[in-house]
Amino acid sequence: MPNVLRAVTKSKPLKPLKTSFFNRDPRAVSRELLGKVLVRREGRKRLTARIVEVEAYLGEGDPAAHSAAGRTARNAVMFGPPGIAYVYFIYGNHYCLNVSCLPDGEAGAVLFRAAEPMEGIEEMARRRGMELQSTRDLRNLTSGPGRLAEAFGITRERDNGKDLTDSRSDLWLGEDGSAPPRILTTKRIGITKAAEMPLRYVMADNAFVSGPRVRLAGRMRG
DNA sequence: TACATGATGCCCT
DNA sequence: GGGCATCATGTAG
């Protein structure tokens, strides 16, 4: 095992989140998702990572949300029942993973932006086409929505519409009883509409949050 | 470290 | 045909 992996957090037993967890305002779901664990089962291998950064997308009233202009084939999951994976393809290169929120018929979602790798790190590195040589490489595995999706092998074709509360599935969300983290909020990243709304939620003092450290510190104020 | 830019494909107008 | 919830790479400092 490479030295880099020695300091990685060990996983505890995981309990799947319930559908009711997601049947709420995306802002409430966002706060509580920080510290929870994303699980990918790949045959006998398991990939896990602790969620450290998310963004809330509020539905039809939120100009930055895909659901802003109403229901289409692409965004249908956002309008469906809560706890379902909404995966979309962006910039010709990247997939992004979201989970639907609010009751069936109401649009809303949380975007997963970054996570702290726990189990299956060498598999994640393989999928990302990286060699793990430093803790910096470890950080680059899953710090950013496109990176996170690539490390977990998430695609629209494979995962869009999956129930993330079903631990028998190969993609789900669990909790391991860790203490609730301290949370900071900032503006959302990479959008132009409704850009001022503080709907990005990050775990304070966590090295696996996306983006440059300095810029991040700047955004924390206000 | 920081900024600018090209790659790339799908959805929606 | 425009725009996009991104990333990797290059260059300057």
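Is Asp-137 buried or exposed, and what is its relative accessible area? In this predicted model, Asp-137 has a relative accessible area of 16%, so it counts as buried, the cut-off being under 20%. The residue belongs to helix α5, which covers residues 135-140. Once neighbours within four places in sequence are set aside, the contacts of Asp-137 are with Met-130, Glu-131 and Leu-132.

From this one buried residue, the view can be widened to the nonpolar interior. The largest nonpolar core holds 47 residues, and the members that touch the most others are Leu-33, Phe-112 and Phe-152. Strand β3, spanning residues 45-57, supplies the largest share of this core, with six residues. A second core, separate from that one, is made of 13 residues, among them Ala-64, Met-78, Tyr-86 and Ala-107. Returning to Phe-152, its contacts beyond four places in sequence include Leu-38, Val-39 and Arg-40, as well as Leu-47, Thr-48 and Ala-49. Met-124, Arg-127 and Thr-142 are also touched by Phe-152.

The protein also meets DNA. Seven residues surround DNA strand B, and the closest are Thr-72, Arg-74, Tyr-91, Gly-92 and Asn-93. Of the atoms of DNA strand B that come within 4 Å of the protein, 56% belong to sugar and phosphate. The bases take part as well: a polar backbone atom of Tyr-91 sits 2.2 Å from a base oxygen of DNA strand B, while an N or O atom in the side chain of Asn-93 is 2.9 Å from a base nitrogen of the strand. Sorted by class, the surface near DNA strand B is made up of three nonpolar residues, three polar residues and one charged residue.

Conventions. Residues numbered from 1 in each chain as written. Chains lettered and ligands numbered in written order. Predicted model: local features only at pLDDT ≥ 70, side-chain atom pairs only at ≥ 80, totals over all residues. Heavy atoms only, no water. Helix = DSSP H or I, 4+ residues; strand = E, 2+ residues; numbered from the N terminus. Buried < 20%, exposed > 50% of the residue type's maximum accessible area, 1.4 Å probe, protein only. Contact = heavy atoms within 4.5 Å. Near = heavy atom within 4 Å. Polar contact = N/O pair within 3.5 Å; in protein donor to acceptor, adjacent residues only side chain to side chain. Nonpolar A, V, L, I, M, F, W, Y, C, P; charged D, E, K, R; others polar. Core = buried A, V, L, I, M, F, W, Y, C linked by side-chain atoms within 4.5 Å.
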